[in-house]
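Q: Could you take me through one part of this model up close? I'd like to hear how the aromatic rings pair up, and what goes on around them.

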Amino acid sequence: MINLSNNGTRMPVQAPEERTKNFNEVAEGFTEEMAVREALRCLQCREHPCMTEGCPVSNHIPDFIRKITEGEYEEAYQILMETTVLPAVCGRVCPKYLQCEGNCVRGEKGRPVAIGALERFVADLHRRRVLAGEIGETPAEKTEEASAKKKVAVIGSGPAGLACAKDLASAGYAVTVFDREEVPGGVLSYGIPAFRLPDEVLAFEVDSLAAAGVTFEAGKELGKNISIDSLMGDMGYSAVFLGNGAGAPMGLGIPGTELSGVVSAADFLSRLNAAGADEEALKQVLPDPGTIAIIGGGNVAMDACRSAVRIPGAEKVQVVYRRSVKEMPADPAELAEAMEEGVEFIYLTAPLEVLGEGGKVTGLKCQRMELSEPDASGRRRPVPVEGSEYVLPVSAVIEAIGSRSENAGVDGVDVSSDRGLVIVDPETLATSRPGVYAGGDTVTGPKTVIAAMGAGRKAARAIDRYLKQ
Ligand code: SF4
Ligand code: SF4
């Protein structure tokens, strides 16, 4: 029985006036009844473009959805785990409108099947049942080569590193994931606010990997207290995967960014995640924030502005973006939620200088822009309007204009790179150094969680082939 409704099932969310007072998750998840009703909208298409065109890790979408309609939720979870390691995370943070749901046939006439919400439902139910002791965590399947026990080092515990580690551990290798932070998860842990991805959701999926035999070593930073030379030398690792992301923020490059009150979105979000629910620590994330300007128009800008409205002392939050809303790369759903939460958007405006007094931010000198012909990115290029400068009175500025890899030029890494990104063979993700592979944001620059995970899996297959030569 197919549910022919074109409207789909909406996930309940916290009301805007409530959610801006807390960091609890905004989207509350499907109930079982909602999940089954939504799953019944899936047409079980033979070609399933949701999966073949839309999902970077090729989750078996119609199969796991069919299991939901049959009430076989744990089987649905096991189907997902054949291809992904972080279903509860991806169900929440994937830009589904561009990926699986953007390719769903039901989207041609009405709303696509809510694939991400269904994936989240299945993974959340599995987590609750494991934590309640109703079912055990499923041990990872290991292949016959388990006894080989060659050691592989994975640098970085973000989505690329975790996916690579899981596949290599399943193939029988002794895998250690090194991360400079104390809490594993990379950008998922420090870069995504709790109202989109609660800590316990990520922690459970990381713990599942530890239970599957992956070892985690915190406080280990490439170029500081570990090097590729030492890993592949004294420490006895046969291969290394670089999956340590693109965490180095890019600055605005305008005068005044040295003033107190200017912070990168990466630092702001990371301090916020470290503060958790501690009210006093939250006050220190951005002291006396008053009016906050966020510069940028991507998903990190959305995370930053939506976090900013929730911090103590924030009076007004404004996003300054140099193109129009049409060119904005942010997820439209995130943009809509930011607007509901009271964030103001100032389009066609570029910052020229951060102004200050006594070392503290007092304003942002801006210039109006207009759009001309499309540039290389296909988006219309903003050009300054002569004589349109004005000052926006603000007391804090958050830079959210992108980030780059930190591997290039790091002591002891010694792999070829171009403009801060590691160069790899596109087929194997092998770097210029034998036995060293790389994938995810450190190669591509900031992309999606699921794209990074796909790269981690691809590298794992190549590392397996390399170690069997
Ligand atoms: Fe969609 Fe992402 Fe899940 Fe793939 S991993 S099915 S793209 S939500
Ligand atoms: Fe179901 Fe949509 Fe995928 Fe078709 S394209 S199988 S309707 S989720």
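A: Let's go through the ring pairs one by one, then look at two rings with a charge over them.

Keep in mind that this is a predicted model. Searching the whole structure turns up five aromatic pairs, and we'll take a close look at two of them. A pair of aromatic rings is described by the distance of the centres and the angle of the planes, so those are the numbers to watch.

Start with Tyr73 and Phe121. Their ring centres are 5.4 Å apart and their planes make an angle of 90°. Planes over 60 degrees apart count as edge-to-face, so this pair gets that label. Now, where do the two rings come from? Tyr73 belongs to helix H5 (residues 73-81), while Phe121 belongs to helix H7 (residues 115-131). The two are 48 residues apart in sequence, so the pair ties together separate parts of the chain. Are these residues buried or exposed? The cut-off for buried is under 20% relative accessible area. Tyr73 has 10%, so it counts as buried, and Phe121, with 5%, is buried too.

Next up are Tyr437 and Tyr466. This pair is also edge-to-face, with 6.0 Å from centre to centre and 65° between the planes. Here a strand meets a helix: Tyr437 is in strand S18 (residues 436-438), and Tyr466 is in helix H17 (residues 449-467). Since they are 29 residues apart in sequence, this pair ties parts of the chain together as well. Tyr437 is buried, at 6% relative accessible area. Tyr466 comes out at 25%, so it counts as partly exposed.

It's worth a quick look at H17, the helix that carries Tyr466. Of its 19 residues, 14 are buried, so the helix is mostly covered. What span should H17 have at 1.5 Å a residue? The expected value is 27 Å, and the C-alpha atoms at its ends are 27 Å apart, so the two agree.

Rings can also have a charged side chain over them, and here are two cases. The charged end of Lys151 sits over the ring of Tyr237, 4.5 Å from the ring's centre. In the other case, Arg310 lies over the face of Phe195, 3.9 Å from the centre of that ring.

To recap the two pairs: Tyr73 with Phe121 is an edge-to-face pair that links H5 and H7, and Tyr437 with Tyr466 is an edge-to-face pair that links S18 and H17.

Note on methods:
Residues are numbered from 1 along each chain as its sequence is written. Chains are lettered from A and ligands numbered from 1 in the order in which they are written. This is a predicted model: local features need pLDDT of at least 70, side-chain atom pairs count only at pLDDT 80 or more; totals for chains, interfaces and linings use all residues. Side-chain values use heavy atoms; hydrogens and water are left out. Rings of Phe, Tyr and Trp (its six-membered ring) pair if their centres lie within 6.5 Å; planes under 30 degrees apart count as stacked, over 60 as edge-to-face and the rest as tilted. Helices (H or I, at least four residues) and strands (E, at least two) are DSSP runs, numbered from the N terminus. Buried means under 20% relative accessible area, exposed over 50%, partly exposed in between (1.4 Å probe, protein chains only). A charge sits over a ring if NZ of Lys or CZ of Arg is within 6 Å of the ring centre and within 35 degrees of the ring normal. The expected span of a helix is 1.5 Å times one less than its number of residues.
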